[in-house]
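Welcome! Here is a short tour for anyone meeting this structure for the first time. Have a look at the sequence and the fold, then read on.

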Amino acid sequence: MKIILDLDNTLVYKSSRKIQNLRYFSLNDGSYVYIRPFTHRFLNSLSQICDFFIYTSATEEYASQIINYIDNNKCIQKKLCRNDCVYSNGKYLKDIKKLN
């Protein structure tokens with residue numbers, strides 16, 4: 001079984017503002033990234049039962065910064081980013097055929 005996860009608004013939330021009382025880390029651009037509760041536990045548990053991948057329309061640099069922080073145990077097996085998307089009508093679309 002394969003599971004595909006997105007980063008933004010799924011595993012993490014990114015903001016230009018600091019939100020009080022929430023755990024965060026900063027990116028190179030100065031923005032704040034907030035990890036969803038139990039994300040580390042979720043990733044570790046998921047890795048025990050299936051293959052899972054990150055597919056994001058974000059840039060490789062952005063995705064790598066976040067994945068390096070949230071995936072301490074190197075559970076994520078593959079990362080697909082903006083350069084793996086199809087650009088159409090001003091949007092980056094994720095093509096899951098690229099996971100084969």
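Let us begin with a turn: strands β3 and β4 form a hairpin with five residues between them, and Gly30 in that turn has a positive phi of about 90 degrees. Please keep in mind that this is a predicted model. From the hairpin we move on to the rings, the cores and the cysteines.

**Strands around β4**

- β4 pairs with β3 in the antiparallel sense, over three bridges.
- β4 also pairs with β2 in the antiparallel sense, here over four bridges.
- Val33 of β4 is a good place to look, being the bridge partner of Phe25 and also that of Lys14.
- Which way do the side chains of β4 point? Tyr32 and Tyr34 point one way, Val33 and Ile35 point the other way, and all are buried.

**Aromatic rings**

- The structure holds five aromatic pairs.
- One of them joins Tyr24 and Tyr34, whose ring centres are 5.9 Å apart; the planes stand at 55 degrees, so this pair is tilted.
- Tyr24 lies in strand β3 (residues 24–26) and Tyr34 in strand β4 (residues 32–35), so to speak two ends of a link between distant parts of the chain, 10 residues apart.
- Are these two partners buried or exposed? Tyr24 is partly exposed, with a relative accessible area of 29%, whereas Tyr34 counts as buried because its relative accessibility is 4%.
- Another tilted pair is made by Tyr87 and Tyr92, with ring centres 4.8 Å apart and planes at 55 degrees.
- In that pair, Tyr87 counts as exposed at 53% relative accessibility, and Tyr92 counts as partly exposed at 36%.
- Tyr92 has a charged companion as well: the charged end of Arg82 sits over the Tyr92 ring, 4.6 Å from its centre.
- Tyr24 and Tyr34 also belong to one aromatic cluster together with Tyr13 and Tyr32.

**Nonpolar cores and helix α2**

- In soluble globular proteins, nonpolar side chains tend to be buried together.
- The largest nonpolar core here has 22 residues, and Leu7, Leu11, Phe52, Ile66 and Ile70 have the most contacts inside it.
- β4, α1, β5 and α2 are the elements that give two or more residues to this core, and α2 gives the most, with five residues.
- Which residues of helix α2 (residues 60–70) are buried? They are Tyr62, Ala63, Ser64, Ile66, Ile67 and Ile70.
- These buried residues of α2 pack against β2 (12–15), β3, β4, α1 (39–49), β5 (51–55) and β6 (78–80).
- Leu11 touches a set of residues beyond four places away in sequence, among them Tyr34, Ile35, Phe42, Leu43, Ile54 and Ile70.
- There is also a second, separate core of five residues, including Phe53, Tyr55, Cys85 and Leu99.

**Cysteines**

- How many disulfides are there? With a cut-off of 2.5 Å between cysteine sulfur atoms, the count comes to zero.
- For Cys50, the nearest cysteine sulfur is that of Cys75, 10 Å away, and Cys50 is in no disulfide.
- Why is there no bond at Cys81? The closest cysteine sulfur, in Cys85, is 8.1 Å from that of Cys81, which is too far for a bond.
- Both cysteines just discussed as lacking a partner are buried: Cys50 has 8% relative accessibility, and Cys81 has 0%.

Notes: Residues numbered from 1 in each chain as written. Predicted model: local features only at pLDDT ≥ 70, side-chain atom pairs only at ≥ 80, totals over all residues. Heavy atoms only, no water. Buried < 20%, exposed > 50% of the residue type's maximum accessible area, 1.4 Å probe, protein only. Phe/Tyr/Trp six-rings, centres within 6.5 Å; stacked < 30°, edge-to-face > 60°. Lys NZ or Arg CZ within 6 Å of the ring centre and 35° of its normal. Contact = heavy atoms within 4.5 Å. Core = buried A, V, L, I, M, F, W, Y, C linked by side-chain atoms within 4.5 Å. Pairing = 2+ DSSP bridges.
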